[in-house]
Amino acid sequence: KTSRLVPMKTIEGFDFSFQPSLDRSRIIALAQLDFIERGEVVHLLGPPGTGKSHLATALGVEAVRAGKRVYRASLAEVIDMLVRAERDGRLPERLRFFNRNSLLIIDEIGYLPVTPGGANLFFQLVNSRYEKGAMILTSNRGFAEWGDVFGDPVVATALLDRLLHHAIVIQIEGASYRLRAHTDLIPEH
Ligand code: ADP
């Protein structure tokens, strides 16, 4: 059996010098976790490999250290769970499961297309959580592209209405950390 030593994603383990567009003090402020008490939504936006998942997980680690209940999944996983729950007549139970967590981290918005039923179910989750529970969302797509991401501009607008009301938006512009050994491939780095 091979050992699985997954390096923990922490704030301490994040190299802020690699990502100069990112204001370190904003991340340190988020790590104080007041956004969880206030039920706010944190959006981490930027191209692939810029550390959005790392930072989302690191803030989740801080919340767990502070005794908070945290759940993390990709948008595709969340929607898959909602679709199954609805099919089994257990949607209210599944929504309660998500909402028992004081922080819900939903990663990778924008990579995979969302089915119409999936977008509708995700809206139900967001609506049930609105002004009650904090979230961290990561996406490689700007808000203007959410109509495409969710396959429906009306649902996207309703989602954004709720997800931008009490929101903190952090935009990272920079090079992929995954490609850092190949700086010749990265323009202007
Ligand atoms: P994204 O979610 O933006 O696509 P990730 O957070 O998954 O990017 O980052 C890709 C990999 O690079 C991960 O292993 C992550 O831990 C690492 N990484 C990204 N940015 C940094 C950084 N500034 N310092 C240290 N590790 C980083």
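Biologist: How far is a backbone N or O atom of Ser53 from an oxygen atom of the ligand?
Modeller: This is a predicted model, where local features need pLDDT of at least 70 and side-chain atom pairs pLDDT 80 or more, while totals for chains, interfaces and linings use all residues. Residues are numbered from 1 along each chain as its sequence is written, and side-chain values use heavy atoms, without hydrogens and water. The Ser53 pair counts as a polar contact (N or O atoms within 3.5 Å), and its distance is 2.8 Å.

Biologist: Which residue has a polar backbone atom 2.8 Å from a nitrogen atom of the ligand?
Modeller: Thr50 places a backbone N or O atom 3.1 Å from a ligand oxygen atom. The contact to a ligand nitrogen, at 2.8 Å, comes from the backbone of Asp15.

Biologist: What share of the ligand's accessible area does the protein cover?
Modeller: 14 residues surround the ligand (heavy atom within 4 Å); among the closest are Lys9, Gly49, Lys52 and His54. Of the ligand's own 560 Å² (Shrake-Rupley, 1.4 Å probe), the protein covers 86%.

Biologist: Which residues of helix 5 make the contact with helix 4?
Modeller: Helix 4 (residues 75-87) and helix 5 (residues 91-99) have axes 7 Å apart, at about 145 degrees. Helix 4 contributes Val78, Met81, Leu82, Ala85 and Glu86 (contact: heavy atoms within 4.5 Å). From helix 5 come Leu91, Arg94, Leu95 and Phe98.

Biologist: What radius of gyration does the chain have?
Modeller: The C-alpha trace spans about 50 × 45 × 35 Å along its principal axes. For 189 residues a compact globule would be near 16 Å (2.2 Å times the number of residues to the power 0.38, over C-alpha atoms). The chain agrees with this, at 17 Å.

Definitions and conventions:
Axes are lines fitted to C-alpha atoms, for helices over the stretch in contact, and angles run from 0 to 180 degrees between N-to-C directions. Helices (H or I, at least four residues) and strands (E, at least two) are DSSP runs, numbered from the N terminus. A polar contact is a pair of N or O atoms within 3.5 Å; within protein, one must be able to donate a hydrogen and the other to accept it, and residues adjacent in sequence count only if both atoms are side-chain atoms.
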